[in-house]
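Visitor: Please take me through this model, and set each term you use against the rule that stands behind it.

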Amino acid sequence: MKRWRAAASLAAAAALVLCGCGGTGGGGGSGDAKGELLVWVDNTRMPAAQQYEKAHPDVKMRIVTIPPDAGYVPTKISLANRTKSGWPDVAFLANPAEAATLASQKFGYAAPLDDLVPKSVRDGFTPGSLDTCTFGGKTYCLRNDIAPTVLWYDATLMKRYGYQVPKTWAEYRQTGLKAAEEHPGTIVGAVNGKYGAGIYFGSSGCPTRDTLSLTEVHIDLGGPDCTRVADLLQPLARKKAVTTVVPIDPGFAKFGKGDKILMLPAPAWFGDFMFGPAFKVPKGRIAAAPMPTWPGENKPFAGQVGGGAFLVSAHAGGRTEQAADLVRWMTTDVNLQAKQPTYPAFTAAAKKWGEAKSKDPYYASDPMPALTAAANALRPGFGAVRFEADWQSSFNDTVVKAVDSGGDLRSSLGSWQDKLEAAAKTSGYTVG
């Protein structure tokens, strides 16, 4: 099925990294050879890198476009490690979890930024946004953008059905079951890969990937922060109120075209890039609310699905300060970040970015209050891990499989725990 392909491609990419094999594109020789600053960015970041180059004629630069494919950068760095050349001085990660691989002792690529980027600058990032860059108290990357989750909902359908936007997960479950009964085929969520693990389990604080250091990770799916998620999803799964179709799968559009998406807990970028372009939901209908509050807590927490990060190479040598300055500018320049397509990680830039979003006629109401609240309520403990691909595929092999088969979700957590522990140990972690 299509929804399994993303995890399969991630696993394949991870395999390339482990074996150190792959193609030869994407970067060429080392910046050392010509004394130039070698920069790897995706197409979206290319204009900004070129803008920096134009504003700094004294800095000799070579900017290379790389694909955003999972595993691409680690694979190329692995090749550079083998040949002892070709390392980029700056690299953009479309998947920030790969920072855990590139900062590891085995790769030795990412340089700690604590002495290169002032604390006053790092403190300007959204609270918790640099957690995925931090290992053992050292910061190895700066986030370009983040993907906090909110409760997206169809305001038109809510009004038509006479429902209220839920403020707690208990209310969310009640509304979902009611919608499934009164309006068959209606969904209130998607459970698959990172769109289930990162949104539901991530927002609940279930320790599926809590990084204690580059070599230690905490995994414990037996606690209440995990079982409450299984209990929430169990009745919704039985009534088909949540789907296991991946939201980025073209097949998911049937829900939008058929007026079947009542609610969808999803990352911030879904507002611009999924509901209209992919799901075909007309303008003036979609709105955002904070994530519902979990039992026993007095405020909502957001999960995370997406975002990007910049790294500075430990091999940059005399270009290290230039590389750090570029990374700092790319992630913190307010005017630059205000024009980027996704939610900036730097707080001042996010505020400026939100001014246009607040006036966007696509939305039924201003989404920025919910997006801002979510960005400032990232659930702690969701770390970058070297077993990202297995984290997603093992979730599908256990929890999603139980959803599809009508099985017991609580029981599936034990199997997920076993697979996560095995993946973590294979990746060189001690599991606690």
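Guide: Helices here are DSSP runs of H or I with at least four residues, strands are runs of E with at least two, and they are numbered from the N terminus. Read in that way, Lys240 is found in the loop between α9 and β11 (242–243), and please keep in mind throughout that the model is predicted.

Visitor: Why is Lys240 called exposed?

Guide: The term exposed requires a relative accessible area over 50%, and Lys240 has 55%, so it qualifies.

Visitor: What makes the phi of Lys240 worth pointing out?

Guide: Most residues other than glycine have a negative phi. Lys240 is a residue other than glycine, yet its phi is positive, near 60°. Lys280, which is not a glycine either, also has a positive phi, of about 65°, and it lies in the loop between α11 (270–273) and β13 (286–289).

Visitor: Why is Lys280 called partly exposed?

Guide: Buried means under 20% and exposed means over 50%, with partly exposed in between; the relative accessible area of Lys280 is 47%, and therefore it takes the middle term.

Visitor: How do you know that α2 and α12 are oblique to each other?

Guide: Helix α2 (residues 46–55) and helix α12 (residues 320–332) pack at an angle of about 125°, with their axes 11 Å apart. Angles of 65 to 115 degrees count as roughly perpendicular and those over 145 as roughly antiparallel, so an angle of about 125° belongs to neither class and the pair is called oblique. Their crossing is right-handed. On the α2 side the contact is made by Ala48, Ala49, Gln51 and Tyr52, and on the α12 side by Gln322, Asp325, Leu326, Trp329 and Met330; by class, these are 6 nonpolar, 2 polar and 1 charged residues.

Visitor: What makes you say that the buried residues of α2 line one face of the helix?

Guide: In α2, the residues Met46, Ala48, Ala49 and Tyr52 are buried. Viewed down the helix axis, they fall within an arc of 165°, so they line one face. These buried residues pack against β1 (37–41), β2 (61–65), α12 and α13 (334–337), while the face turned away from the buried side carries Lys54 and Ala55, which are exposed.

Visitor: Why are α8 and α9 also called oblique?

Guide: Helix α8 (residues 194–204) and helix α9 (residues 224–238) pack at an angle of about 130°, and their axes are 8 Å apart. As the antiparallel class begins over 145 and the perpendicular class runs from 65 to 115, this pair is therefore oblique. The crossing of α8 and α9 is right-handed. Tyr200, Phe201 and Ser204 in α8 meet Asp225, Cys226, Arg228, Val229, Leu232 and Leu233 in α9, and this set divides into 6 nonpolar, 1 polar and 2 charged residues.

Visitor: How do you know that Pro380 is exposed?

Guide: Pro380, in the loop between α15 (368–375) and α16 (388–405), has a relative accessible area of 55%, and since exposed means over 50%, the term applies.

Visitor: Which residues is Pro380 in contact with, leaving aside its neighbours within four places in sequence?

Guide: Those residues are Asp131 and Phe301, where contact means heavy atoms within 4.5 Å. Pro380 and Ser204 are 176 residues apart in sequence, and their C-alpha atoms are 10.0 Å apart in space.

Note on methods. Residues are numbered from 1 along each chain as its sequence is written. This is a predicted model: local features need pLDDT of at least 70, side-chain atom pairs count only at pLDDT 80 or more; totals for chains, interfaces and linings use all residues. Side-chain values use heavy atoms; hydrogens and water are left out. Axes are lines fitted to C-alpha atoms, for helices over the stretch in contact, and angles run from 0 to 180 degrees between N-to-C directions. Angles under 35 degrees count as roughly parallel, over 145 as roughly antiparallel, 65 to 115 as roughly perpendicular and the rest as oblique. A crossing is left-handed if the near helix is turned anticlockwise from the far one by less than a right angle, and right-handed if clockwise. Ala, Val, Leu, Ile, Met, Phe, Trp, Tyr, Cys and Pro count as nonpolar, Asp, Glu, Lys and Arg as charged, and the others, Gly among them, as polar. Buried means under 20% relative accessible area, exposed over 50%, partly exposed in between (1.4 Å probe, protein chains only). The arc is that of the directions from the helix axis to the C-beta atoms.
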